[in-house]
Amino acid sequence: MNGQNLGFSSMNWWRRLKTNTLARLGALVLITFYLAVIAAEFVAPYNPYASQLDGALLPPTQIYWNEPGLMGPHVYPTIQGPIDLQTGDRKLLVDRSKPSPIRFFVQGEPYRLFQIKLPLPTQFSLTNPKFDEVEVFPGIPGTLHLFGTEGGKWNLLGTDEQARDQFSRLVYGGRISLSIGLVGIAISFPLGMLVGGISGYFGGWTDVILMRLVEVLMTIPSIYLLIALAAVLPTGLSSAQRFLLIILITSFIRWAGLARVIRGEVLSLKEREFVQAARAMGGRSLYIILRHILPQTATYIIIAATLSIPDFIVAESVLSLIGLGIQQPDPSWGNMLSLATNASVLVLQPWLIWSPALLIILTVLAFNLLGDGLRDALDPRSLER
């Protein structure tokens with residue numbers, strides 16, 4: 001009977017989630033973003049590190065339709081002209097003699113799809129550890145891109161000051177910005193669940209010691225800790241390795257708030273009949289916590305994880321903005337947004353600012369919409385109704 005009720009409840013919350021339009025919209029946006037960054041080599045038309053000849057700070061390339069003798073969307077090769085010494089203006093030079101049709105699934109620069117490289121320690125030392133990028137999976141070689149042109153360049157969102165395609169850098173940069181939240185909760189949530197479960201289950205001095213540790217960690221101001229970490233990390237690290245270490249370390253602090261909530265849940269669960277029965281049958285304490293108590297907190301964990309990921313994404317953006325995260329030439333949405341500190345860029349090249357800002361806003365909003373939908377769908381009172 002309990003299994004039938006559980007199955008009905010599971011179907012009920014899933015049905016409620018599917019009927020939540022905003023939650024479905026958030027999930028669709030997130031699925032689109034994650035698929036795009038996973039297959040960035042295929043989705044991005046150009047190499048995010050390659051500069052185009054005379055192509056610095058180009059606005060989004062204008063698309064032309066059905067001009068005399070030409071059918072379908074096409075672009076013309078566009079470069080920056082010389083600076084007018086009298087006015088200071090720099091005009092765009094458009095070569096109308098070489099139209100380039102826009103196509104889907106075009107051949108382009110070679111790449112390796114799904115290639116995986118991880119910064120792993122090759123020299124263990126407290127004073128000067130050494131990290132090297134180790135190839136875990138060589139990837140699938142290919143030259144086909146989702147879209148592009150037959151001839152000239154199509155800079156969908158313009159180019160930056162180094163003449164690199166803005167859209168390609170956004171797609172590749174999303175790998176860092178979107179994965180950072182998953183890495184953060186993968187570290188902080190299991191730790192918070194375990195500490196909170198042990199504290200609530202055993203109580204007494206164990207509870208007092210662990211909760212005092214949690215309170216100390218919660219009083220540490222994150223921004224000052226990050227600045228201190230940036231100063232003491234080894235100098236030979238790449239920006240990606242450096243930022244990964246910062247996230248790994250700070251994740252060990254973010255579990256404190258979760259531990260307090262899980263402790264409260266466990267305090268109410270440990271007196272339930274199924275826990276008492278497990279104790280009477282000789283179950284070990286750690287087994288009872290992991291097998292019987294913590295799974296009962298799954299609803300809260302799912303919702304909290306969904307709502308916590310945006311915090312990590314915003315943290316990455318802020319850290320990169322102030323120079324503590326990913327550094328050029330490696331792209332991330334945060335360091336691409338750092339150009340917003342330049343007033344001239346805001347006025348003259350706004351396309352460099354609004355595109356990463358919009359992606360960050362949409363991602364955070366989508367996670368919040370999905371989290372709110374899960375909270376409504378998994379609410380026990382809603383399931384009972």
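1. In this predicted model, Arg375 counts as partly exposed, at 41% relative accessibility. Its salt-bridge partner is Asp372, and the closest N and O atoms of the two side chains are 2.5 Å apart. Asp372 is likewise given as partly exposed, with a relative accessible area of 29%. Both residues belong to helix H13, which runs over residues 351-378, and they are three residues apart there, about one turn of the helix.

2. Arg375 also takes part in a contact between helices. Ile303, which is found in helix H10 (residues 298-321), touches Gly371, Leu374, Arg375 and Leu378, when residues up to four places away in sequence are not counted. The C-alpha atoms of Ile303 and Leu374 are separated by 6.2 Å, although the two residues are 71 apart along the chain. With a relative accessibility of 11%, Ile303 counts as buried, because the limit for that class is under 20%.

3. A second salt bridge within a helix joins Arg212 to Glu215, with 2.8 Å between the closest N and O atoms. Here the helix is H5, residues 204-218, and since the two residues are three apart in it, about one helical turn separates them. Arg212 has a relative accessible area of 39% and is partly exposed, while Glu215, at 30% relative accessibility, counts as partly exposed too.

4. The pair formed by Asp160 and Arg169 has a setting that deserves a separate remark. These residues form a salt bridge in which the closest N and O atoms are 3.6 Å apart, and both of them are buried. A network of salt bridges links Asp160 and Arg169 with Arg164. In the structure as a whole, the count comes to eight salt bridges. As a general point, side chains of opposite charge can pair when their charged atoms come close.

5. Two residues have backbone angles that a reviewer may wish to inspect. Ala163 has a positive phi of about 65 degrees although it is not a glycine; it is found in the loop between strand E8 (140-149) and helix H4 (166-202), and at 5% relative accessibility it counts as buried. For Phe114, phi is near 65 degrees, again a positive value in a residue other than glycine. Phe114 lies in the loop between strand E5 (100-113) and strand E6 (116-123), and it is partly exposed, with a relative accessible area of 37%.

6. Phe114 is also one of the residues of a nonpolar surface patch of about 600 Å², the others being Ile38, Ile116, Leu118, Val136, Phe137 and Ile140. Strands E6 and E7 (the latter spanning 130-137) each supply at least two residues of this nonpolar patch. Ile140, for its part, lies in strand E8 and is partly exposed, with a relative accessible area of 44%.

7. The structure holds seven aromatic pairs. In one of them, Phe104 and Phe105 have ring centres 6.5 Å apart and planes at 50 degrees, so the pair is classed as tilted; that class applies because the angle is neither under 30 degrees, as needed for stacked, nor over 60, as needed for edge-to-face. Phe104 is exposed, with a relative accessible area of 61%. Ring pairs further link Phe104 and Phe105 with Phe42 into a cluster.

8. Phe147 and Trp154 form an aromatic pair of the edge-to-face kind, with 5.3 Å from centre to centre and 70 degrees between the planes. Phe147 is buried, its relative accessible area being 9%, and Trp154 counts as buried at 10% relative accessibility.

9. A last point concerns helix H9, residues 285-293, in which Ile288, Ile289 and Ile293 are buried. When the helix is seen down its axis, the buried residues of H9 fall within an arc of 100 degrees, so they line one face of the helix.

Technical notes. Residues are numbered from 1 along each chain as its sequence is written. This is a predicted model: local features need pLDDT of at least 70, side-chain atom pairs count only at pLDDT 80 or more; totals for chains, interfaces and linings use all residues. Side-chain values use heavy atoms; hydrogens and water are left out. Rings of Phe, Tyr and Trp (its six-membered ring) pair if their centres lie within 6.5 Å; planes under 30 degrees apart count as stacked, over 60 as edge-to-face and the rest as tilted. Buried means under 20% relative accessible area, exposed over 50%, partly exposed in between (1.4 Å probe, protein chains only). Helices (H or I, at least four residues) and strands (E, at least two) are DSSP runs, numbered from the N terminus. The arc is that of the directions from the helix axis to the C-beta atoms. Contact means heavy atoms within 4.5 Å. Patches are made of residues with over 30% relative accessible area and no salt bridge: like charges are joined within 9 Å, nonpolar side chains (Val, Leu, Ile, Met, Phe, Trp, Tyr) within 5 Å. Accessible areas come from the Shrake-Rupley method with a 1.4 Å probe; for residues, only the protein chains shown count as cover. A salt bridge is a side-chain nitrogen of Lys or Arg within 4 Å of a carboxyl oxygen of Asp or Glu.
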